[in-house]
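Visitor: I have a sequence and a structure to look at. Please take me through how the chain packs.

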Amino acid sequence: MLALDTTLTFFAASVLLALSPGPDNVFVLLHSAVHGRRAGLLVVLGLCSGLLFHTAAVALGLAAVFAASATAFTALKLLGAGYLLWLAWGAWNAPVGISETATQPAMTPWQTYLRGVMMNITNPKVAIFFLAFLPQFANPATGNMALQIVLLGAVFMLAALLTFSAVAWFAAGFGQVFKRSLRAQRVLNRIASVVFVGLALRLATAQR
């Protein structure tokens with residue numbers, strides 16, 4: 001089991017890491033500002049669900065495959081970059097309008113949630129980050145290492161959920177201002193598209 005001081009230290013570190021600029025929190029900020037608070041929170045749930053995959057990968061040793069195999073790493077990062085480019089295309093061509101129905105894409109809550117899941121699991125840097133970060137707080141002398149990794153992953157997910165939800169909540173309020181102006185909506189969509197392209201290029205050129 002995890003010691004209380006270890007858990008608290010890890011939680012604090014996880015919050016700081018979630019607050020640092022990166023693809024996930026930028027994605028939450030933009031999606032919430034463009035599509036609203038509900039959509040932003042669904043994306044947050046998707047992103048945090050994707051962390052289950054990375055936690056399991058570390059616990060089972062799968063993340064080591066991506067760290068060791070250039071082919072696996074390249075394949076996954078190109079898949080993630082392609083997904084981001086698809087999001088960029090959708091943002092650039094998104095319709096604008098004063099009404100709520102005009103500004104919202106025709107996506108179900110489930111599709112919005114899956115968008116967050118895909119965003120997270122197609123980023124191999126997250127898997128490698130978990131591989132490097134989580135084991136530092138696990139101690140073989142205190143119990144099963146795989147169980148400790150799972151518990152640490154759960155703590156990280158809680159930290160990410162709280163942090164990203166706060167980002168989504170405030171970004172959605174900011175986005176309401178833009179919804180009152182067709183020009184502002186178009187500018188926000190263009191900014192989102194450019195940012196997605198930048199994130200795609202960053203991911204495509206990432207090194208292990």
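Guide: The questions and answers below go from the whole chain to its helix pairs, its core and a few single residues.

Visitor: How many helices and strands does the protein chain have?
Guide: This is a predicted model. From the N terminus on, the elements run α-α-α-α-α-α-α-α-α-α. The count for the protein chain is 10 helices and zero strands.

Visitor: What percentage of the residues in the protein chain is buried?
Guide: Buried here stands for a relative accessible area under 20%. The protein chain has 208 residues, and the buried share of them is 43%.

Visitor: Among contacts between residues at least 6 apart in sequence, what percentage joins residues at least 24 apart?
Guide: Contact is taken as heavy atoms within 4.5 Å. Among the contacts in the protein chain that span at least 6 places in sequence, the share joining residues at least 24 apart is 84%.

Visitor: How are helix 3 and helix 7 oriented to each other?
Guide: Two packed helices are described by the angle between their axes and the distance between the axes. Helix 3 covers residues 37-60 and helix 7 covers residues 109-121; their axes are 7 Å apart, at an angle of about 45 degrees. An angle that falls in none of the ranges for roughly parallel, roughly perpendicular or roughly antiparallel counts as oblique. Helix 3 and helix 7 are therefore oblique.

Visitor: Which hand does the crossing of helix 3 and helix 7 have, and how many nonpolar, polar and charged residues make the contact?
Guide: Helix 3 passes helix 7 in a right-handed crossing. Residues in the contact include Leu-42, Gly-46 and Phe-53 of helix 3 and Tyr-113, Gly-116 and Val-117 of helix 7. Sorted by class, the contact of helix 3 with helix 7 has 12 nonpolar, seven polar and one charged residues.

Visitor: How are helix 2 and helix 7 oriented to each other?
Guide: Helix 2 (residues 23-35) packs with helix 7 at an angle of about 160 degrees, with the axes 11 Å apart. The crossing is right-handed, and among the residues in contact are Phe-27 and His-31 of helix 2 and Arg-115 and Met-119 of helix 7. Angles over 145 degrees count as roughly antiparallel. Helix 2 and helix 7 are therefore roughly antiparallel.

Visitor: How is helix 2 oriented to helix 3?
Guide: The axes of helix 2 and helix 3 come within 7 Å and cross at roughly 155 degrees. The cut-off for roughly antiparallel is over 145 degrees, so helix 2 and helix 3 are roughly antiparallel.

Visitor: By class, which residues make the contact of helix 2 with helix 3?
Guide: The crossing of helix 2 and helix 3 is right-handed. Asp-24, Phe-27, Val-28, His-31, Ser-32 and His-35 of helix 2 meet Arg-37, Ala-39, Gly-40, Val-43, Val-44 and Leu-47 of helix 3. By class, these are six nonpolar, four polar and two charged residues.

Visitor: Which helix gives the most residues to the largest nonpolar core?
Guide: In soluble globular proteins, nonpolar side chains tend to be buried together. The largest nonpolar core here has 38 residues. Elements giving two or more residues to this core include helix 1 (4-19), helix 5 (70-92), helix 9 (145-178) and helix 10 (182-204). The most, eight residues, come from helix 9.

Visitor: Which residues does Phe-10 touch, beyond those up to four places away in sequence?
Guide: Phe-10 and Phe-196 have the most contacts inside the largest nonpolar core. Leaving out residues up to four places away, Phe-10 touches Phe-133, Leu-134, Phe-137, Leu-152, Val-155 and Phe-156.

Visitor: Is Lys-77 buried or exposed?
Guide: Lys-77 is in helix 5. Its C-alpha is 6.0 Å from that of Pro-124, with the two positions 47 residues apart in sequence numbering. The relative accessibility of Lys-77 is 8%, so Lys-77 counts as buried.

Visitor: Which residues is Ser-32 in contact with, leaving aside neighbours within four places in sequence?
Guide: Ser-32 lies in helix 2. Its relative accessible area is 0%, so Ser-32 is buried. The contacts of Ser-32 outside those neighbours are Arg-37, Gly-40, Ala-168, Ala-171 and Ala-172.

Visitor: Is Ser-165 buried or partly exposed?
Guide: Ser-165 is found in helix 9. Leaving aside neighbours within four places in sequence, Ser-165 is in contact with Leu-41, Val-44 and Ala-160. Buried requires under 20%, and Ser-165 has 21% relative accessibility, so Ser-165 counts as partly exposed.

Methods: Residues numbered from 1 in each chain as written. Predicted model: local features only at pLDDT ≥ 70, side-chain atom pairs only at ≥ 80, totals over all residues. Heavy atoms only, no water. Axes fitted to C-alpha atoms, helices over the stretch in contact; angles between N-to-C directions. Helix = DSSP H or I, 4+ residues; strand = E, 2+ residues; numbered from the N terminus. Parallel < 35°, antiparallel > 145°, perpendicular 65-115°, else oblique. Left-handed = near helix turned anticlockwise from the far one by under 90°. Nonpolar A, V, L, I, M, F, W, Y, C, P; charged D, E, K, R; others polar. Core = buried A, V, L, I, M, F, W, Y, C linked by side-chain atoms within 4.5 Å. Buried < 20%, exposed > 50% of the residue type's maximum accessible area, 1.4 Å probe, protein only.
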